[in-house]
Amino acid sequence: MAEPQHAAADLAVETSGVCKQFGPHTALEQVNLALAREERLAILGPNGAGKTTLIAVLATLLRPSAGALRVMGYDSADAPAEVRRRIGLAAHQTYLYPELSARENLLFYGRLYGVAGLEGRVDELLHLVDIYPRRHEQSGRLSRGMQQRVALARALVHDPDVLLLDEPDTGLDQEHLELLASLVQGRAIPPRSVILTTHNLERALSLCERVAVLARGRLVYQAASAALDHAVLRDAYRRLAGAAP
Amino acid sequence: MSLALRQVLAVVRKDLLVESRARDLLLSMLIFAALSLIIFNLALDLRGAVVREVGPGLLWLTIAFAAMLGMGRAFVREHERGTLGGLLLAPIDRGTLFIGKLLANLLFLFVMEAVALPLFAMLFNLPVLTPLVLLITALGTLGFATLGTLFSAMAAHSRAREALLPLLLLPTTVPVLIGAVKATSNAIAGIGGGPPWLGLLLAFDVIFLTLSYLLFAHAIEE
């Protein structure tokens, strides 16, 4: 089994010079990111800025064309399985099998991760995301918001150190946006490192300790949320991203 | 039980559960195989020695095309529903994932053959329900399913996925199909499955399994 590189082990996520090319198109260019353990970072950016590509690279779904990614000290090129074990991803796609119930989906993914005490863990998560009463219904018959909550549970089934959330509020109603906030902020579950992409500046400031703006594949702005208010962030976003948030 | 074995079983179990509810993959293979055999029987009206010569070819043609119909869906379904990403996110060795998907494909093909072989025996009056023909069928199916699983993973990423699988699979499985047809002919004629045909089937199965296991990560990722 690969050992974590101790020099970087105090960081949850670290990218150095990450680039991603799709043919002639540059989706990510020299992205350098460092996220401390239990730190929460919101990434903002207009459509096509590269947010989803960055999340896919961080989740090891895409290989960077250049540069390196380390998660909890493990290099994604040398120890991809160790990186995957430490990451949970909830994205636009729920990754749920529509023919399987919410519970069956979580059990399946839990088995892939080798989760111990899986049945109990799955029931606990189903209660947490408020799906337990409908746990035996096929996922394809649940509403989009309910599927998104099951997807959040799927991302947490193996208790990852790092949670990647790509616009995780898709389809969630007001009540469950509060649930999302409690997951991100470590109130409903133990705190962990979170990288969240969103178009919502208010949500980015309220949920995360740090915000970054991605534009044309480059990280063009990073600041602590405590040092910002909505107006300052909106002005910076407009100036750097060249678009209204 | 090792984690890899539990992951293989999880993938197989999931595929069986999904298919038991979707019923699109197995049903299409079964209907295709049954219709093909009935049409061959009615259209060709084979008798006497000719049926012994042509029959094994018709049987393997039916198995090959029915298998392509089913295996083509194996990864396309994962791709279309976006669940492929969920599989690739998990810390599962890509070779382990390949074994899981291959076993599920094999189970579906064996179910299809459990219907196709007795139907073939009945329509063409040939002794294909013997242990030797069943062994040949199992080996031929393994070779076909191995490359089918690999190529369906590759084709799933392509826009021309429906056309790509047969274009990749048919030329590369020629040795398996020839070996299976010849071995089946010999077994029906009562002169055994080989050598060299049974041995050839076995050798190609080993080669295809090894290559597919090693190449699967490149086929499935990005």
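Helices and strands here are DSSP runs, numbered from the N terminus. The model is predicted.

**Stop 1: a loop in chain A**

Select A:Arg216. This residue sits in the loop between strand S9 (210-215) and strand S10 (218-224) of chain A. Check its backbone: phi is near 50°, a positive value in a residue other than glycine. Most residues other than glycine have a negative phi. Is A:Arg216 buried or exposed? Neither label fits: A:Arg216 has 17 other C-beta atoms within 10 Å, so it counts as partly exposed.

**Stop 2: another loop in chain A**

Move to A:Met72. Look in the loop between strand S4 (66-71) and strand S5 (74-75) of chain A. Phi of A:Met72 is positive, about 50°, although the residue is not a glycine. Now show its surroundings. A:Met72 counts as buried because it has 22 C-beta neighbours inside 10 Å, and the cut-off for buried is 20 or more.

**Stop 3: where chain A touches chain B**

Select the contact between the chains. Chain A gives 21 residues and chain B gives 21 residues. Which elements of chain A give two or more residues to this side? They are helix H2 (80-85) and helix H3 (102-112) of chain A. Colour H3(A): the largest share of the chain A side, five residues, comes from it. Then colour by class. The chain A side divides into 13 nonpolar, two polar and six charged residues.

**Stop 4: a helix pair in chain B**

Show helix H5 (residues 94-124) and helix H6 (residues 131-156) of chain B. Their axes come within 9 Å and cross at roughly 135°. H5(B) and H6(B) are therefore oblique to each other, an angle over 145 degrees being needed for roughly antiparallel. The crossing of H5(B) past H6(B) is right-handed.

Add side chains. On H5(B), the residues that meet H6(B) include B:Phe98, B:Leu102, B:Leu106, B:Phe110 and B:Glu113. On H6(B), pick out B:Thr137, B:Thr141, B:Ala145 and B:Thr149, among others. By class, this contact has eight nonpolar, six polar and two charged residues.

**Stop 5: the nonpolar core**

Nonpolar side chains tend to be buried together in soluble globular proteins. In this model, the largest nonpolar core has 145 residues. Which residues have the most contacts inside it? Select A:Leu164 and B:Leu201.

Finish on B:Leu201. Leaving out residues up to four places away in sequence, B:Leu201 touches B:Ile136, B:Leu139, B:Gly140 and B:Gly143. B:Leu201 also touches B:Val176, B:Gly179, B:Ala180 and B:Ala183.

Note on methods
Residues are numbered from 1 along each chain as its sequence is written. Chains are lettered from A and ligands numbered from 1 in the order in which they are written. This is a predicted model: local features need pLDDT of at least 70, side-chain atom pairs count only at pLDDT 80 or more; totals for chains, interfaces and linings use all residues. A nonpolar core is a set of buried Ala, Val, Leu, Ile, Met, Phe, Trp, Tyr and Cys residues joined through C-beta atoms within 7 Å. A residue is buried if 20 or more other C-beta atoms lie within 10 Å of its own, exposed if 12 or fewer, and partly exposed in between; C-beta atoms are placed from the backbone. Two residues are in contact if their C-beta atoms, placed from the backbone, lie within 7 Å. Helices (H or I, at least four residues) and strands (E, at least two) are DSSP runs, numbered from the N terminus. Ala, Val, Leu, Ile, Met, Phe, Trp, Tyr, Cys and Pro count as nonpolar, Asp, Glu, Lys and Arg as charged, and the others, Gly among them, as polar. Axes are lines fitted to C-alpha atoms, for helices over the stretch in contact, and angles run from 0 to 180 degrees between N-to-C directions. Angles under 35 degrees count as roughly parallel, over 145 as roughly antiparallel, 65 to 115 as roughly perpendicular and the rest as oblique. A crossing is left-handed if the near helix is turned anticlockwise from the far one by less than a right angle, and right-handed if clockwise.
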